[in-house]
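Biologist: I have a protein model open and I am new to this. Please show me how to read its features.

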Amino acid sequence: TLRPRHRCRCCERLMNMANSVEIKKLDLSFGSIEVLKDLNLDIAEGEFLVLLGSSGCGKSTLLNCIAGLLEVTDGQIFIKGKNVTWAEPSDRGIGMVFQSYALYPQMTVKGNLSFGLKNAKFPKAEIEERVARAAEILQIESLLNRKPSALSGGQRQRVAIGRALVRDVEVFLFDEPLSNLDAKLRVDLRVEIKRLHQQLKNTMIYVTHDQIEAMTLADRIAIMRDGKIMQLGSPAEIYDLPMNKYVADFIGSPSMNFIQGDIKGQYFTIGDHKIPLKNYSAKVDLNDGQKAWIGIRPEHVVVGEAAQKSDYNSTITADIVEPMGADTLVWSKFAGQPFRIRLGGTFPVSSGQKLHIGINASSVSLFDLQSEERL
């Protein structure tokens, strides 16, 4: 039986919460170039939303519109129920962390943290209290008297986050804050940002092109392309139920295998290969003779004895083997088309070896060949 898809529990929970940020019919154009197009987005109170996409998709532009750094062409932006479409950045109740640390080199860490508060004429005692609290949360108390030149990249980014944190705002905006750091520091700071969100419970909107950051940090992910949101959902929903071929290809490393074929009755056929679809949960009725893509994630391919119990099994030949420690990536071909398999790091495999593989219909995705929308 082909069953309709339902919203995940995470999305249902967020729908029942008050909105912190609302974006309605937002357009932004530079001359004749449309960057954002009729964009609508509701972000719940306390939600961690990640704007994910490749360069030029409009994610940073959208963040800058929310921050008030760009004037929109049309549409409205609400923060905490207040229309801030034309409000100054300082009047929007937001704190922003940029890709570049943007610290004042002549000031100490304490000076950088307190500078905005001093300009806003906060009482000295309150400034001291806010700086001390931010330093404690970010674990930079021992760095307060150092200047940025004496800090590592990770420490500088903590200070940049602290500068937003001292403002005690409801909404934090992050514009690719970890992209200038090396791999290990990115992992460390990623954990710290997640811990910060769990501690503060503020609304956070985070821009990145890194799908690992998106999957590990987000309550929901908005995948963008050409100024539009292609899919909005929890990390699990986007990974398991991509709405179109673009989203399916963008999420996952290595990306999903795509094989072109035909739907014939309750089977997906590629040449002599017939994959049963009786356990596939479809969004719409599958039409006999319909041309489609079948998508199979490398980690969902079953190998060895377990393949015999799968909905479909076959034999392939390993071409290139890439040992990656915890995992091993195998490059091969299936029905004459490129095919990748992710195995455990201890699985014995070598180039030229025959592998018995299995595919379960419950773990595949089907996309229409022309529209590339999920079936």
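Modeller: Start with one term. A disulfide is counted here when two cysteine sulfur atoms lie within 2.5 Å. In general, a disulfide is a covalent bond between the sulfur atoms of two cysteines. A search of the whole structure finds 0 disulfides. Note that this is a predicted model, where local features need pLDDT of at least 70, side-chain atom pairs count only at pLDDT 80 or more, and totals for chains, interfaces and linings use all residues. Residues are numbered from 1 along each chain as its sequence is written, and side-chain values use heavy atoms, with hydrogens and water left out.

Biologist: Why does cysteine 57 form no bond with cysteine 65?

Modeller: The sulfur of cysteine 65 is the closest cysteine sulfur to that of cysteine 57, but the distance is 13 Å, so it is too far for a bond. Both residues are also buried. That term means under 20% relative accessible area; exposed means over 50%, and partly exposed is in between (1.4 Å probe, protein chains only). Cysteine 57 has a relative accessible area of 3%. Cysteine 65 has 1%.

Biologist: How do I read the chain as a whole?

Modeller: Take the secondary structure, then the surface. Helices (H or I, at least four residues) and strands (E, at least two) are DSSP runs, numbered from the N terminus. The chain has 9 helices and 21 strands. Its C-alpha atoms fill a box of roughly 75 × 45 × 40 Å, taken along the principal axes. Of the 375 residues, 51% are buried.

Biologist: What share of the accessible surface belongs to carbon and sulfur atoms?

Modeller: Accessible areas come from the Shrake-Rupley method with a 1.4 Å probe; for residues, only the protein chains shown count as cover. The chain's surface comes to about 17900 Å², and 48% of that belongs to carbon and sulfur atoms.

Biologist: Now a helix. How should I look at one?

Modeller: An α-helix has 3.6 residues a turn, so residues three or four places apart point the same way. Take helix α2, residues 59–67. Here 8 of the 9 residues are buried, and the helix is mostly covered. Among the buried ones are Lys59, Leu62, Leu63 and Cys65. Just after α2, glycine 68 takes a positive phi of about 90 degrees.

Biologist: Which residues other than glycine have a positive phi?

Modeller: Most residues other than glycine have a negative phi, and most peptide bonds are trans. Aspartate 38 has a positive phi of about 45 degrees. Aspartate 38 sits in strand β2, residues 33–44, and is partly exposed, with a relative accessible area of 45%. Aspartate 226 also has a positive phi, near 55 degrees. Aspartate 226 lies in the loop between β9 (220–225) and β10 (228–233).

Biologist: Where is a cis peptide bond?

Modeller: One joins serine 253 and proline 254, with omega about 0 degrees. Proline 254 lies in the loop between α9 (245–250) and β11 (257–264).

Biologist: How do I read strand pairing?

Modeller: Two strands pair if DSSP finds at least two bridges between them. Strand β8, residues 203–208, is a good case. Strand β3 (residues 48–52) pairs with β8 in the parallel sense over 5 bridges. Strand β7 (residues 171–175) also pairs with β8 in the parallel sense, over 5 bridges. Methionine 204 in β8 is the bridge partner of phenylalanine 48 and of phenylalanine 172.

Biologist: Why is β8 largely enclosed?

Modeller: All 6 of the 6 residues of β8 are buried, so the rest of the structure largely encloses the strand. Thr203, Ile205 and Val207 cover one side, and Met204, Tyr206 and Thr208 the other; all are buried.

Biologist: Which face of strand β16 is covered, and which is uncovered?

Modeller: In β16, residues 312–317, the covered face holds Tyr312, Ser314 and Ile316. The uncovered face holds Asn313, Thr315 and Thr317. Strand β16 runs antiparallel to β20 (residues 354–359), joined by 6 bridges. Threonine 317 stands opposite lysine 354 in β20.

Biologist: Last one. What does arginine 130 touch?

Modeller: Contact means heavy atoms within 4.5 Å. Not counting residues up to four places away in sequence, arginine 130 touches Leu117, Phe122, Val166, Arg167 and Asp168. Arginine 130 lies in helix α4, residues 124–138, and is buried, with a relative accessible area of 17%. Its C-alpha atom is 5.4 Å from that of valine 166, a residue 36 places away along the chain.
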